[in-house]
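Thank you all for coming; today I would like to walk you through one structure, going slowly from single contacts to whole sheets. Please keep the picture open while I talk.

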Amino acid sequence: MLYRHPLLQGCILLLLSLSSALADDGYTQARQQLIQEITQDVQDTSLYLDKETLDPRVMAAMAKVPRHEFVPAGQRDHAYENRPLPIGYGQTISQPYIVALMSDLIKPQPGDRVLELGTGSGYQAAILAELVAQVYSIEIIEELGKEAGERLARLGYDNVTLRIGDGYYGWEEHAPFDAIVVTAAASHVPPPLVAQLKPGGRMVIPVGSRFLTQQLVLVEKQADGQLLTRQILPVKFVPLTGEHN
Amino acid sequence: MTAADGQRLPWLSIALVSATALAYEVLLMRLFSIIQWHHFAYMMISLALLGYGVSGAFLLLLQGQLLRRFATSYLTNLALFGVSSVGCFLLAQQIPFNAEEVLWDPRQPVWLLCTYLLLAVPFFFAANAIGLALIYYRERLSRIYAADLLGAGFGSIAILVLLFVVLPLQALTVLGLAGITAALLGVLELRKAGTAAWLLVLLAVALLLLPPRWMTLEMSPYKGLNETLRVKDTRMVAQRSSPLGLLSVVESPTIPLRHAPGLSLNATTEPPPQLGVFTDGDGLSVINRYQGDLQTLAYLDQMTSALPYHLRPVKRGLILGAGGGTDVLQALYHHTSSVDAVELNPQFARLVSSDYADYAGHLYQTAGVTLHLGEARSFVTGSSGDYDLIQVSLLDSFSASASGQYALSENHLYTTEALGEFLGKLSAGGFLSITRWIKLPPRDTLKLFATAIDALRASGVTDPGQQLILIRGWQTSTLLVKNGSITAQELQQLRSFCAARSFDLAWYPGIRPGESNHYNRLREDWFRDGAVALLGEQRERFLEDYKFNLNPSTDDQPYFFHFFKWRTLLEVLQLRERGGAALTDAGYLVLVATLVQAVIASLLLILLPIWIHQRRSRSVQQTVRGSMVVGYFLLLGLSFLFIEIAFIQKFLLFLHHPLYAIAVVLSSFLVFSGLGSAWSGRVSPEARGKRLLQAVSAIVLLGTVYLLSLDGLLGHLTDLPELARILISASLIAPLAFCMGMPFPLGLARLADHAPDLIPWAWAINGCASVISAVLATLLAIHLGFATVIAVALALYALTLWVFPTPCRP
């Protein structure tokens with residue numbers, strides 16, 4: 001792949017920093033630092049991701065979306081650290097590295113329609129809004145949903161439609177979706193969500209606790225409707241080396 | 001002669017404060033398991049007990065001033081214990097400690113430190129009161145110590161009863177009042193009635209009138225219960241509390257719970273309405289709404305755990321860990337005509353069988369279903385067997401299990417011996433089925449597979465692979481162990497079951513490369529590769545090379561959830577921000593961190609005060625060698641708890657219930673030690689050395705006999721009625737504990753003869769050693785087993801003979 005070429009990667013990063021510098025919000029440098037960290041982390045984890053780099057469009061979105069706007073005032077100093085942060089109501093804003101991975105895994109295309117379950121702070125929705133045509137996001141906690149809606153509107157993400165309520169049945173009026181991102185904990189994949197995924201569509205689910213993502217599960221709906229999952233350990237870690245069989 | 005000679009001993013107030021302090025320790029563990037998580041609760045409370053060590057150091061330095069006003073000092077400390085036991089907990093739960101952020105946020109260790117410093121305060125005051133009494137009444141200290149032990153023995157039973165009767169926070173008020181009552185008793189015993197008594201009554205009234213908003217549990221917002229309660233219209237409809245846990249029943253009428261972990265992606269049916277039951281605010285299990293229509297339970301056929309029902313007809317099933325009844329419903333859905341459901345927690349069972357019986361469709365009263373209250377392993381041991389299926393339910397939550405919270409918890413269901421027993425209770429061709437969460441890289445699933453191989457080999461099976469099946473979805477895995485070889489027809493059923501639900505085959509006899517890792521794809525098929533390796537000749541090398549500990553657990557080392565390996569730690573920590581944080585096995589690290597902190601704090605608490613004390617009193621000639629004092633009381637502190645902790649485990653299966661084991665063993669040890677202590681006071685000063693020799697010889701002799709024969713003996717008596725088993729346990733512990741009660745007061749009495757100012761120092765050493773002992777015993781048991789813990793304890797007891805404090809030669 002051409003975009004894996006180091007020279008091209010360098011150019012992309014340069015362009016990212018230039019575009020960000022034009023809209024300097026005081027956090028540009030911190031954001032760039034974060035992008036470099038994620039880039040490095042992805043290279044280190046390439047064995048399990050089957051790729052050296054993430055989609056440049058995803059990285060561009062990560063470089064553009066102001067994460068500090070999505071965290072409580074008391075956490076702004078930590079907004080560009082590569083870690084999850086508490087946002088109140090027992091919820092967190094995910095680790096940027098995991099957000100980038102999840103966004104990349106659904107292979108977002110500019111014309112896509114994406115459903116998100118669990119709006120939270122709205123950060124993942126904002127990243128998706130940079131990548132696809134339309135984002136539909138459902139938040140179960142009323143207060144969080146209202147705050148995220150106001151925040152996304154204030155930041156100009158008018159291609160995000162937000163609803164407060166039960167996400168189990170997806171969003172029938174806007175289905176089918178090219179991709180579904182489940183950011184809230186799920187005891188299982190709701191059958192109606194599977195039904196609302198287009199053939200060829202992808203659904204990504206993080207597994208773990210609020211602060212620690214154990215693995216990412218990617219559900220791929222084949223053209224014939226068959227479902228396959230890929231279980232991705234988001235870390236370069238081999239439990240075993242050598243031949244023992 | 002001392003000022004205290006001839007005075008009435010305040011043994012009632014000593015016994016009550018000791019009972020309350022022990023009860024408080026147990027209660028704190030309960031409270032912090034609810035508001036935080038079990039493993040950090042363990043660290044907080046272990047280290048808070050260093051308050052005993054701090055007290056010894058404090059008394060060593062200030063004993064002169066405090067003894068001059070003994071009554072005031074003693075009563076003040078008792079009262080402060082009562083007040084601080086409530087106040088410090090209420091303050092501590094305001095500290096914003098979040099265990100999940102420890103790896104990310106540098107402030108979290110500071111919050112943790114603040115928590116246990118605060119919790120140490122009540123223990124400090126309780127220890128001050130007891131320590132002061134030991135010094136003041138040093139001529140009769142064996143009786144003071146006896147009151148201390150007898151009180152603790154009473155407290156160990158009282159708190160278990162109390163926790164069945166009231167909610168944990170109400171128990172806190174009761175203990176606060178008990179502390180103040182101890183002070184009131186002290187007032188009467190020391191004949192100081194007057195203003196002090198009225199002040200104490202006022203304090204008690206104030207405690208009862210604390211604003212309700214202060215007396216609420218501040219549960220971490222990240223616990224499942226709190227997260228669920230934020231959902232619209234969700235409410236808690238009932239709470240039940242016991243020492244086994246706080247059960248919170250949650251109803252969510254607008255947005256149903258729909259708890260169905262492991263459900264196939266191909267499932268088209270959703271779960272029926274459910275009531276959520278959280279244990280200690282986490283670990284969700286559910287009560288399904290069931291009105292007799294089995295079709296509403298169709299989702300239960302879409303789980304990995306449904307596999308055994310598809311391989312052969314199950315007429316007689318046994319569900320271990322029935323809880324809300326989901327697995328019982330699964331059995332009924334698959335036409336199992338006779339189901340034995342075993343549940344440990346009677347309150348949980350009552351929710352289904354009584355409180356929500358209509359909702360649950362009178363499940364436990366359904367024809368063919370029999371509910372048994374009790375510990376699962378013991379039930380199996382006593383059962384007649386002949387089950388077509390024994391199913392061990394998936395009881396722990398994924399996040400708790402994945403973050404290593406259970407690493408310190410003993411588990412007697414997943415040991416090699418347990419699996420062997422289960423296999424022995426299967427009918428010919430019957431299946432044992434165990435479902436676990438999928439973790440990446442695999443941990444529980446492969447460890448269980450290795451355990452099953454060992455259990456089969458132990459029962460004489462030469463080719464275990466012929467009797468094993470392992471399948472996995474994206475969320476759960478199910479292991480089947482058959483009593484007999486798996487047939488071709490069963491293999492055919494297995495393939496069609498998995499294909500219909502998109503589950504992957506990870507092992508069956510004759511599995512071929514390319515047959516696995518099809519629906520739920522991993523970059524490398526760790527599950528199949530692991531299963532193959534564990535059955536192959538390279539098993540030992542595989543276990544050695546694997547980055548997590550997959551060695552099967554045994555009854556002697558029942559730590560199934562201990563997956564930690566030191567050599568993996570560095571790698572995992574380096575990957576912390578690259579997704580690696582989740583691979584940290586927190587439970588074991590918490591244990592080690594607790595031990596390190598306890599040792600450092602103990603060194604400071606033992607060495608610093610004696611250094612200051614010696615600088616102050618240079619002119620006084622030292623009459624007893626300090627090294628002997630340290631050695632003697634350190635060895636006693638370590639060995640006493642080693643034996644106590646190991647014996648709780650030894651009696652756990654015999655007494656058929658963890659609570660009985662704790663109550664009977666702990667109280668027996670404390671009460672009979674108390675009697676031993678009282679008896680040791682009858683010895684003349686010259687005969688103390690001889691009495692110690694007799695006591696230690698008896699401990700070593702009895703301990704060795706028990707070490708070699710207790711398991712066999714208890715195994716023969718396990719079918720006796722409950723009362724008989726309790727009495728036998730107490731009788732077996734009595735002589736050992738009686739002897740174990742003697743060395744400490746004998747040593748203190750020797751100090752009282754020759755170096756009375758060092759009594760508080762011995763108190764400090766003993767306090768610190770007890771904290772280290774509890775943590776070290778678990779660590780030793782994890783690595784070497786409980787038999788080794790007992791053997792080490794006996795060796796330590798023997799060593800005390802060499803360091804029994806003797807006067808220095810002039």
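Before I point at anything, we need one term: a salt bridge here is a side-chain nitrogen of Lys or Arg within 4 Å of a carboxyl oxygen of Asp or Glu. Please also keep in mind that what you are looking at is a predicted model.

With that term in hand, take Glu251(B) and Arg235(B), whose side chains form a salt bridge with 3.1 Å from N to O. This pair links distant parts of the chain, since Arg235(B) belongs to strand 1 of chain B, residues 235-242, while Glu251(B) belongs to strand 2 of chain B, residues 245-251, and the two are 16 residues apart. Over all chains, a search of the whole structure finds 31 salt bridges.

How many of these salt bridges lie between chain B and chain A? The count there is two, and one that I can show you joins Glu220(A) to Arg521(B), at 2.9 Å from N to O. Between the two chains there are also ten residue pairs in polar contact, with both residues at pLDDT 80 or more.

On the side of chain B that touches chain A, the elements giving two or more residues are helix 14 (398-402), strand 13 (520-521), helix 18 (526-535), helix 19 (539-545) and helix 20 (566-574), all of chain B. Helix 18 of chain B gives the most to that side, namely four residues. If we sort that side of chain B by class, we find 31 nonpolar, 17 polar and 18 charged residues.

Looking at the contact as a whole, 58 residues come from chain A and 66 residues from chain B. The size of an interface is often given as the accessible area lost when the parts come together. For chain B and chain A, about 5600 Å² is buried between them, and 58% of it is on carbon and sulfur atoms.

Now to the sheets, beginning with one that crosses from chain to chain. Eight strands make an open sheet with mixed pairing, in the order 5(A)-4(A)-3(A)-6(A)-7(A)-8(A)-9(A)-13(B). Strand 5 of chain A (160-164) and strand 13 of chain B are at the edges, and because each has a single partner strand, one side of each is left without a neighbour in the sheet. The partner of strand 13 of chain B is strand 9 of chain A, residues 227-232, and these two pair in the parallel sense over two bridges, with Arg230(A) standing opposite Arg521(B). Further along, strand 6 of chain A (residues 177-182) and strand 7 of chain A (residues 197-208) also pair in the parallel sense, over four bridges, and Ala179(A) has Arg202(A) as its bridge partner there.

A second open sheet belongs to chain B, where eight strands follow the order 7-6-5-8-9-11-10-12, again with mixed pairing. Its edges are strand 7 (369-373) and strand 12 (504-507) of chain B, each with a single partner strand, so one side of each has no neighbour in the sheet. From one strand to the next, the twist averages 20°.

Finally, which strands of chain B does helix 18 lie across? Helix 18 of chain B lies across strand 10 and strand 12 of chain B, running at about 20° to strand 12, and this is the helix that gives four residues to the side touching chain A.

Key. Residues numbered from 1 in each chain as written. Chains lettered and ligands numbered in written order. Predicted model: local features only at pLDDT ≥ 70, side-chain atom pairs only at ≥ 80, totals over all residues. Heavy atoms only, no water. Contact = heavy atoms within 4.5 Å. Buried area = accessible area lost by both parts, 1.4 Å probe. Polar contact = N/O pair within 3.5 Å; in protein donor to acceptor, adjacent residues only side chain to side chain. Nonpolar A, V, L, I, M, F, W, Y, C, P; charged D, E, K, R; others polar. Pairing = 2+ DSSP bridges. Axes fitted to C-alpha atoms, helices over the stretch in contact; angles between N-to-C directions.
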